[in-house]
Amino acid sequence: MAINSVTVSGRLGADVELRTTGGGESVASLRIAVSAGKDSTVWLETTVWSKLAEVCAAHLKKGSFVVASGRLKDDSYTNKDGINITRTGMTAYAVEFGPKQDSGSTPQPAKAQAPAPVQDDLPF
């Protein structure tokens, strides 16, 4: 049994590119920079479809932090020199947005609050 599932987090290296197919379906391209160690970055070309593509285009821009989940895919083509090129990318079915970044400031992580303690009369 093979499982093709991946979740990555990183920042967008470019603004979201939104297009519409001939059939009228929205498709967006995201370039996610994923840290692969101290001095290494992996660029993952990510495709998002339908309403999620439109939401990504409306709310994300270069530098936005995202967590994307989906499946790996290979795209193959022949370049202008006749060389076959294969790139591994991702088709995302879920994209979570990180905290928004004001221009000129560092991003602030979302703050979680612990729930208030529950008061009850149980003896244990």
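The chain has a mean pLDDT of 85, with 80% of its residues at 70 or more; pLDDT is the predictor's confidence in each residue, on a scale from 0 to 100. The model is a predicted one, so local features need pLDDT of at least 70 and side-chain atom pairs count only at pLDDT 80 or more, while totals for chains, interfaces and linings use all residues. Residues are numbered from 1 along each chain as its sequence is written, and side-chain values use heavy atoms, with hydrogens and water left out. Among the elements, strand β2 (residues 17-20) has the highest mean pLDDT, 96, and β6 the lowest, 93. Over residues 107-117, by comparison, pLDDT stays under 50. For that stretch the model has five contacts beyond four places in sequence, a contact being heavy atoms within 4.5 Å. Where pLDDT is low, the predicted coordinates should not be read in detail.

Turning to the overall layout, the chain holds one helix and six strands, arranged from the N terminus on as β-β-β-β-α-β-β. Helices (H or I, at least four residues) and strands (E, at least two) are DSSP runs, numbered from the N terminus. Of the contacts between residues at least 6 apart in sequence, 53% join residues at least 24 apart. Buried residues make up 24% of the 124 residues in the chain, where buried means under 20% relative accessible area, exposed means over 50%, and partly exposed lies in between (1.4 Å probe, protein chains only). The accessible surface comes to about 9200 Å², and 52% of this surface belongs to carbon and sulfur atoms; areas come from the Shrake-Rupley method with a 1.4 Å probe, and for residues only the protein chains shown count as cover.

Strand β6 is a helpful place to begin with the strand pairing. Two strands are taken to pair if DSSP finds at least two bridges between them. Strand β5 (residues 65-78) runs antiparallel to β6, and 13 bridges connect the two; Y77 stands opposite I85 of β6. The same two strands, β5 and β6, form a hairpin with five residues between them. In its turn, G82 has a positive phi of about 80°. Strand β6 (residues 84-97) also pairs with strand β4 (residues 41-49), this time in parallel and through three bridges. Here T47 has T91 in β6 as its bridge partner.

Next come the charged side chains. Side chains of opposite charge can pair when their charged atoms come close. The structure holds three salt bridges, each defined as a side-chain nitrogen of Lys or Arg within 4 Å of a carboxyl oxygen of Asp or Glu. One of them joins R31 and E45, at 2.7 Å from N to O. This pair links distant parts of the chain, with R31 in strand β3 and E45 in strand β4, 14 residues apart. R31 counts as partly exposed because its relative accessibility is 33%, and E45 is partly exposed as well, at 29%. K73 and D75 form another salt bridge, with their closest N and O atoms 3.3 Å apart; K73 is partly exposed at 23% relative accessibility, as is D75 at 37%.

The side chains of K51 and E54 also meet in a salt bridge, at 3.8 Å from N to O. Because K51 and E54 are three residues apart in helix α1 (residues 50-59), about one helical turn separates them. K51 counts as exposed, with 57% relative accessibility, whereas E54, at 35%, is partly exposed.

E54 has a further partner in S26, their side chains being joined by a polar contact of 2.7 Å. A polar contact is a pair of N or O atoms within 3.5 Å; within protein, one must be able to donate a hydrogen and the other to accept it, and residues adjacent in sequence count only if both atoms are side-chain atoms. S26 lies in strand β3 (residues 26-35) and counts as buried because its relative accessibility is 9%. Leaving aside residues up to four places away in sequence, S26 touches L18, R19, V48, W49, S50, A53 and E54.

S50, one of these neighbours of S26, also deserves a look for its backbone. Most residues other than glycine have a negative phi, and most peptide bonds are trans. S50, although not a glycine, has a positive phi of about 60°. This serine, S50, belongs to helix α1 and is partly exposed, with a relative accessible area of 31%.
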